[in-house]
Amino acid sequence: MITSLTALRQRVLAFLGGISMYRLVLFALLALAVIAIALSALGVIVSPTPLEIVASFAVLAVVIAAVDAAVQRLLRLPWRLESSLVTALILLFVLRPGVEGTALLGLAIAGALASLSKYLIAWRGRHILNPAAFGASVVSILGSFGAFEWLGTSSSWWVGTPSLFLPVAVLGLAVLWRTEKVRIVLAFLVIAIAVSVLRQAVQAQEFAIAFDLGTALSFAVLQSPFLFLGAFMLSEPLTMPPRRWQQFSVAALVGVLAGWPIAIGSLFTLGQERALLIGNLLAFAFALRGSVRLVLEQRRSLTPTAQELTFRARGTVRFLPGQYLELDVPHRRPDARGTRREFSIVSAPADLPTLRIAYKDGDQQHPSSYKRALAAAQPGATLAVTGTWGDFLLPRSDAPVLMVAAGIGVTPFVSQLRQLHQTGRQRDVVLVYVAADSGELAFRDELAATGARVVVFTRDEPADLPAHWSWAQGARLDGAGLDQWVPDLGSRHAYISGPPRLIADLAPALQKARSLTTDAFAGY
């Protein structure tokens, strides 16, 4: 059952991987806005009205896009319209829409503050605070003071209504699958709902009223903004720490604070958006190292369809073998997938300040705008990486490991095996390397130098295999092949890296393994 879910998850990820994360979030939020307008027009949602929704979004979108464009032009950065629209749509669902002049002015101020926070409250290219949460918080807090009572909007989280629960759940799940944050947000939801129910029970006791668990659960699940907060705001990559345990820590903190808002004096409470901002500060403390500039030194062809880029890092880079980085390659007229991509790091931490990545050329006739820009980068070009992430890490124990690499998915294993070799650590490792043909086997010399046992699954027999390498006689990798070449599979921790569709196909063959960890390459 677990293996089937893994396969299904990878197939969904393969489909979603064709869309940039920012564009997918934009599409999901636009769909949610259209649904909300339709439900409001039908009277299912009483407030806000369709006119209020449309007018509020128009003001937010124009103001945020204008501020973003002005600042990015000043800083000579590429303008990302999708980022502006995502911020506008999130604020639309967080703040109270309206058509009055004061309401629209309040929305405009919130939008401007949210946009400016991306640049003023940032550290080396990394957002410290969620922009939408910051803009909503400032306007809501100001509105609680007498001098600013004229502001016609504040946080209302009208998205937390039973009629929008299913659309938020479906669209939010698509976003979380794409960002691989399903478990993180699920942990947040469990904690937030549990704390909310506990809070309602305590309040019922204080006011000597009857407490009904079903009603409390219904309120926490269907009439709260927890689901929207988790799917579209907590999961934002630029305000997430790099390691999974750190992400769970942030999710737990935000869940507690969102489930039980703490009163600050008599004016306001630490509501949903303020809870998120506190979580953002914890995430920033975890990821303080920020972004790093990389200077391209060399590019080389690994195989007929794969390239390797060698950089020298400007600044301190810290990563663990198996982690990945997000490389920003600004270019004019980016396509739907944007200007950022994730790459597993090929080099080992011991190789720093030299850092290497590799990628598959893929479709030569219709390359993405990102791939064209990356191919045009010449030695001396400076690119930015916002940090290192990922938990595709070998277990700390000395338990035997099986590595399964599909094509260029071998890159994280090269880093791990190089680090083991360079540090002199002995470990029982078997690498199963799957490629279309022998010419697509990248990093042969580096892998051979590590001394790891390698089983090659290719259609044709590779020439001059090292003594500790074996060819699977042209067989297709399946359960029978694994039993033959890795008879002790049940004692090994299995790791598989490659395109999502291949991972989905191979996951059932690894069901006998002690554990299974996957790393999907969605393409560039």
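# A tour of selected contacts

Select D68 and K118: both are buried (under 20% relative accessible area with a 1.4 Å probe, protein chains only; exposed is over 50%, partly exposed in between). This is a predicted model, in which local features need pLDDT of at least 70 and side-chain atom pairs count only at pLDDT 80 or more, while totals for chains, interfaces and linings use all residues. Residues are numbered from 1 along each chain as its sequence is written, and side-chain values use heavy atoms, with hydrogens and water left out.

**Salt bridges**

The side chains of D68 and K118 form a salt bridge with an N to O distance of 3.0 Å. D68 is in helix α3 (residues 50–74) and K118 in helix α5 (residues 101–120), so numbered because DSSP runs of H or I (at least four residues) and of E (strands, at least two) are counted from the N terminus. The two residues are 50 apart in the chain. A salt bridge here is a side-chain nitrogen of Lys or Arg within 4 Å of a carboxyl oxygen of Asp or Glu, and the count by this rule is 14.

Next select R418 and D351, whose closest N and O atoms are 2.8 Å apart in a salt bridge. R418 belongs to helix α14 (residues 411–422) and D351 to the loop between β8 (340–344) and β9 (354–360), so the pair ties together parts 67 residues apart in sequence. Both R418 and D351 are buried.

Then go to D428 and R492, a salt bridge with its closest N and O atoms 3.0 Å apart. D428 is in the loop between α14 and β12 (429–434), and R492 is in the loop between α16 (479–485) and β15 (493–498), 64 residues apart. D428 counts as partly exposed, at 36% relative accessibility, whereas R492, at 3%, counts as buried. To see a network, select R300, E308, D351, R356, R418 and E446, which are joined by salt bridges that share partners.

**Aromatic rings**

The structure has 11 aromatic pairs (ring centres of Phe, Tyr or Trp, the last by its six-membered ring, within 6.5 Å; planes under 30 degrees apart are stacked, over 60 edge-to-face, the rest tilted). Show F392 and Y495, an edge-to-face pair at 5.5 Å centre to centre with 85° between the planes. F392 sits in the loop between β10 and β11 (401–406) and Y495 in strand β15, so the pair ties together parts 103 residues apart in sequence. F392 and Y495 are buried.

Now select F93, W157, W158, F228 and F232, a cluster linked by ring pairs. F228 and F232 are among the buried residues of α10, where nine of nine residues are buried.

**A cavity**

Three cavities of 30 Å³ or more are found in the whole structure. A cavity is a set of points on a 1 Å grid, over the protein atoms alone, where a 1.4 Å probe fits but cannot get out; lining residues have an atom within 4 Å of a point. The second largest holds about 60 Å³, the space filled by probe spheres on points joined across faces, edges and corners. Its lining includes V159, T161, L164, V221, L227 and F228. The elements giving two or more residues to this lining are α7 (162–179), α9 (213–222) and α10. Of these, α7 gives the most, with three residues.

**Helix α11**

Finish at α11 (residues 244–259), where the buried residues include V250, V254 and A258. What covers the buried residues of α11 (contact meaning heavy atoms within 4.5 Å) includes α8 (182–206), α10 (226–234), α12 (272–286) and β10 (382–389).

Technical notes: 1 Å grid on protein atoms, 1.4 Å probe; cavity = no way out; pocket = protein on both sides within 12 Å on 5 of 7 lines; lining within 4 Å.
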